[in-house]
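User: Let's zoom in on one part of this model: the sheet region and the side chains that sit around it. Walk me through the pairing, the rings and the polar contacts, and keep it informal.

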Amino acid sequence: MKKNQQIFHILFPLTLFFLSLSSTTNAHNITRILAKHPGFSTFSHYLTVTHLAAEINRRQTITVLALDNAAMSTLLDKHLSIPTLKNVLSLHVLVDYFGAKKLHQITNGTTLASSMFQATGAAAGTAGYVNITNLKGGKVGFAAEDNDGLHSFYVKSVQEIPYNISVLEISQALNSADAEAPTAAPSAIDLIGIMSKQGCKAFADLLRGSKALPTFKENVDGGLTVFCPTDSAVNGFASKYKNLTDAQKVSLLLYHGVPVYQSLQMLKSNNGVMNTLATEGANKYDFTVQNDGEDVMLETKVNTANIVGTLIDQDPFVAYKISKVLMPRELFKEIVEAPAESPKAPKKKKKKGEQDSDAADAPADGPESDESDDQKAADDTNGVSGLHSGVKFTMLFFSLVMGFLIQ
């Protein structure tokens, strides 16, 4: 009995540790952090109103440049609309970690940090970047890249969870003509314009004159994720696209949209099968999301594309640039399944040094995928079961612990 108690005291903490690894709770909550500091109540309120709070909480590495109530009052005197105010506040959220110590150790004294405003797609060029300069005497200045001069300065660190979230107070709001420009509501987002400006003009041109476009627009308010192939990928796919019927072209375009919002972090953590705008009844039109470290891949049963950039990330709408045109098996089944081979005549015995005629006449490797149906089905199953592997491991470990205690 005493031995069992010793084993229990050793293994029970380990069990709790593995259970904690399988949890998916957020590492931070910006409104809870700011709730401890009444001086930032207005800033916290508008992070919630603009839905930026939820976006901040989804990020794993973030720096929030917080404004106290007096600084927020000055900003609100500009009477900006909520969508425009969201752009301004998103400029104050950096997608990198800057603690107080790091601010005073900036290489060469100055650096540019990308903000969440840069990810909206509304920032022209580098207007969504923030210039951080370590000045003499320990003073640190901040300015939007499209604004001349440093007008806001570091005040204090509010809270830091190293390499996860840092909340720093700055003296006043960052001035930015780009961020303060009138902003369209999400339902009025110019899908075609955003794609065209960000290296996906060829795909945008296909979508512009297609019956698929209204479906994309109808889903923006409720949540929409779009995967836009690069111009070079679309141009290389042109001959295949021309051979499709009008209905098939619509299905192909819809295949590049998912009717839910999926941030990059969500795609990295929620690997598995994903339905698309083309999914209807027996027509699956799905693909599998997989990640390898920071790389996110979209695997159809015909080919695999990588996410190579973000065009816009403005919850509930996000669009990514991908390396290839996604090819659904429903439209390109013949690429995966080779035609049945006819019976072959017995091979003649080869003389020494003579090349195999079959090998000489063999065609070049086919496009992308040559896996069997069974292998593909196994891959799909593995993609889904991967979501639960952490939980299964924990349960197995717990069962082993209980086995030790019972013996």
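Analyst: Before we start, a word on pairing: two strands count as a pair when DSSP finds at least two bridges between them. Keep in mind too that this is a predicted model.

Let's warm up with the smaller numbers in the strand list. β3 (residues 110-114) and β4 (residues 129-134) clear that bar, with 5 bridges in the antiparallel sense. If you want to check the register, T111 stands opposite I132 in β4. On to the next strand: β4 is also joined by 5 bridges to β5 (residues 140-144), again antiparallel, and there V130 has A144 as its bridge partner. β4 and β5 make a hairpin with 5 residues between them, and G137 in that turn has a positive phi of about 75°. K139 lies over the face of F153, at 4.3 Å from the ring centre. Another lysine does this elsewhere: K102 lies over the face of F98, at 4.4 Å from the ring centre.

Now for the main part. There is an open sheet of 7 strands, ordered β9-β8-β14-β13-β12-β11-β10, with mixed pairing. The edges are β9 (257-258) and β10 (272-275), and each has a single partner strand, so one side of each is left without a neighbour in the sheet. At the β9 edge, the pairing with β8 is antiparallel over 2 bridges. One residue match there is V226 with G257 in β9.

β8 (224-229) is also one of the elements that the buried residues of helix α9 pack against, along with α8 (191-197), α10 (213-218), α11 (231-242) and α12 (246-254). In α9 (residues 201-208), the buried ones are A202, F203, A204 and L207. It helps to recall that an α-helix has 3.6 residues a turn, so residues three or four places apart point the same way.

Next, the rings. How many aromatic pairs does the structure hold? The count comes to 6. Take F227 and F287: their geometry is edge-to-face, with 5.8 Å centre to centre and 85° between the planes. That pair links distant parts of the chain, F227 in strand β8 and F287 in strand β11 (residues 286-292), which are 60 residues apart. F227 and F287 are both buried. Y255 and Y285 have ring centres 6.1 Å apart and planes at 65°, so this pair is edge-to-face as well. This one also links distant parts of the chain, 30 residues apart: Y255 is in the loop between α12 and β9, while Y285 is in the loop between β10 and β11. Both tyrosines, Y255 and Y285, are buried. Put together with Y320, these four residues form one aromatic cluster: F227, Y255, Y285, F287 and Y320.

Cysteines are worth a quick look. The search over the whole structure turns up 0 disulfides. C200 has its closest cysteine sulfur in C228, 4.4 Å away, which is too far for a bond; the cut-off is 2.5 Å. C200 counts as buried because its relative accessibility is 0%, and C228 is buried for that reason too, also at 0%.

Finally, two loop residues with polar side-chain contacts. Y261 lies in the loop between β9 and α13 (264-269), and with a relative accessible area of 11% it is buried. Its side chain makes a polar contact with the side chain of D313 at 2.5 Å. Leaving aside residues up to four places away in sequence, Y261 touches ten or so you can look up, including R58, G223, L224, T225, M266, D313 and P316. With P316 in particular, the C-alpha atoms are separated by 5.4 Å although the two residues are 55 residues apart along the chain.

The other one is N303, in the loop between β12 (295-299) and β13 (304-314). N303 counts as buried, at 3% relative accessibility. Which backbone atoms does the side chain of N303 reach? One is the backbone oxygen of V325, at 2.9 Å, and another is the backbone nitrogen of M327, at 3.3 Å.

Definitions and conventions. Residues are numbered from 1 along each chain as its sequence is written. This is a predicted model: local features need pLDDT of at least 70, side-chain atom pairs count only at pLDDT 80 or more; totals for chains, interfaces and linings use all residues. Side-chain values use heavy atoms; hydrogens and water are left out. Buried means under 20% relative accessible area, exposed over 50%, partly exposed in between (1.4 Å probe, protein chains only). Helices (H or I, at least four residues) and strands (E, at least two) are DSSP runs, numbered from the N terminus. Contact means heavy atoms within 4.5 Å. Rings of Phe, Tyr and Trp (its six-membered ring) pair if their centres lie within 6.5 Å; planes under 30 degrees apart count as stacked, over 60 as edge-to-face and the rest as tilted. A charge sits over a ring if NZ of Lys or CZ of Arg is within 6 Å of the ring centre and within 35 degrees of the ring normal. A polar contact is a pair of N or O atoms within 3.5 Å; within protein, one must be able to donate a hydrogen and the other to accept it, and residues adjacent in sequence count only if both atoms are side-chain atoms.
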